[in-house]
Amino acid sequence: MAAKKKSKGGLDHQEIIMQFNQMRQEVRGIIGKLGELEMEVNEHSIVIEALKSVEPERRCFRMIGGVLVERTVKDVLPALENNKEQIGGLIGKLKESLLAKEKQLSAFKEKHNIHVRGEKESTPTEDLKSAEKSSGVLVAQDGS
């Protein structure tokens, strides 16, 4: 039987690669969740702005847990604003978590001298920031 080659940290080459890929996947997952939540905040903002110009007694519909519920604007608006604030808080916590995971990943890369082929020397946060600057929504004016 061939003995496995162990590195400084007591892990063999395959274990290091698996752990590194798992850490990268966690970072990507957080970035994806951040994108989803930021889109939700934007949707909430659009709906809140639309409802502010509507009379408070007008009825509207809201999806709660997969059930469409009829309410008035004065009931729905505070709930939407509260949800938006809570999602914003969650985004802040996820960003903190992302920074911590990135530091862990960088330390792991340095410790095990990992170089990824074709990868530029930027952090996932820089990638996220550049994506935020360049992303947008294209809406046709004629309704098509």
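Which residues have the most contacts inside the largest nonpolar core? I began my notebook there, keeping in mind that this is a predicted model.

**Entry 1: the core**

I looked up the largest nonpolar core and found 15 residues in it. Leu34, Ile91 and Phe108 are the ones with the most contacts inside this core. Next I asked which elements supply it: H1 and H2 each give two or more residues. H1 gives the most, with 8 residues.

**Entry 2: helix H2**

I then followed H2, which runs over residues 73–111. This helix has 39 residues, and I read 56 Å from its first C-alpha to its last. That is close to the 57 Å expected at 1.5 Å a residue. I also listed its buried residues, which include Val73, Val76, Leu77, Leu80, Ile87 and Ile91. Further along the helix, Leu94, Leu98, Leu105 and Phe108 are also among the buried ones. I was pleased to spot two charged names in that list too, Glu102 and Lys109.

**Entry 3: just past H2**

What does the backbone do just after H2? There I met Asn113, with a positive phi of about 50°. I marked this residue because it is not a glycine and still has a positive phi. Asn113 sits in the loop between H2 and helix H3, the latter covering 124–134. Is Asn113 buried or exposed? I noted a relative accessible area of 55%, and since the cut-off for exposed is over 50%, Asn113 counts as exposed.

**Entry 4: the hairpin**

On to the strands. S1 covers residues 59–64 and pairs with S2 in the antiparallel sense, over 6 bridges. S2 itself takes in residues 67–72. To fix the register in my mind, I noted that Cys60 stands opposite Arg71 in S2. The hairpin has 2 residues between the strands, and Gly65 takes a positive phi near 60° there.

I looked at the surface here as well. Phe61, Met63 and Leu68 make a nonpolar patch of about 340 Å². Of these, I checked Leu68, which lies in S2. Leu68 counts as exposed, at 55% relative accessibility.

**Entry 5: salt bridges**

How many salt bridges does the structure hold? I found 6, and I wrote up three of them. A reminder to myself: side chains of opposite charge can pair when their charged atoms come close.

The pair I took up to start with was Glu36 and Lys33, whose side chains meet at 3.6 Å, N to O. Both lie in helix H1 (residues 13–52), 3 residues apart, about one turn of the helix. Residues three or four places apart in an α-helix point the same way, because there are 3.6 residues a turn. Glu36 is partly exposed at 47% relative accessibility, and Lys33 is partly exposed at 39%.

Glu49 and Lys52 form another salt bridge, at 3.7 Å, N to O. These two are also 3 residues apart in H1, so about one helical turn separates them.

Then I turned to Glu38 and Lys95, which meet in a salt bridge at 3.7 Å, N to O. Glu38 is in H1 and Lys95 in H2, so this pair ties together parts that are 57 residues apart in sequence. Lys95 is partly exposed, with a relative accessible area of 38%.

**Entry 6: looking back**

I closed by putting the two helices side by side. H1 and H2 both feed the largest nonpolar core, and the Glu38–Lys95 pair ties them together as well.

Technical notes. Residues numbered from 1 in each chain as written. Predicted model: local features only at pLDDT ≥ 70, side-chain atom pairs only at ≥ 80, totals over all residues. Heavy atoms only, no water. Salt bridge = Lys/Arg side-chain N within 4 Å of Asp/Glu carboxyl O. Helix = DSSP H or I, 4+ residues; strand = E, 2+ residues; numbered from the N terminus. Buried < 20%, exposed > 50% of the residue type's maximum accessible area, 1.4 Å probe, protein only. Patch = residues over 30% accessible without salt bridge, like charges linked within 9 Å, V, L, I, M, F, W, Y side chains within 5 Å. Areas by Shrake-Rupley, 256 points an atom, 1.4 Å probe, with all protein chains shown as cover. Pairing = 2+ DSSP bridges. Expected span 1.5 Å × (residues − 1). Core = buried A, V, L, I, M, F, W, Y, C linked by side-chain atoms within 4.5 Å.
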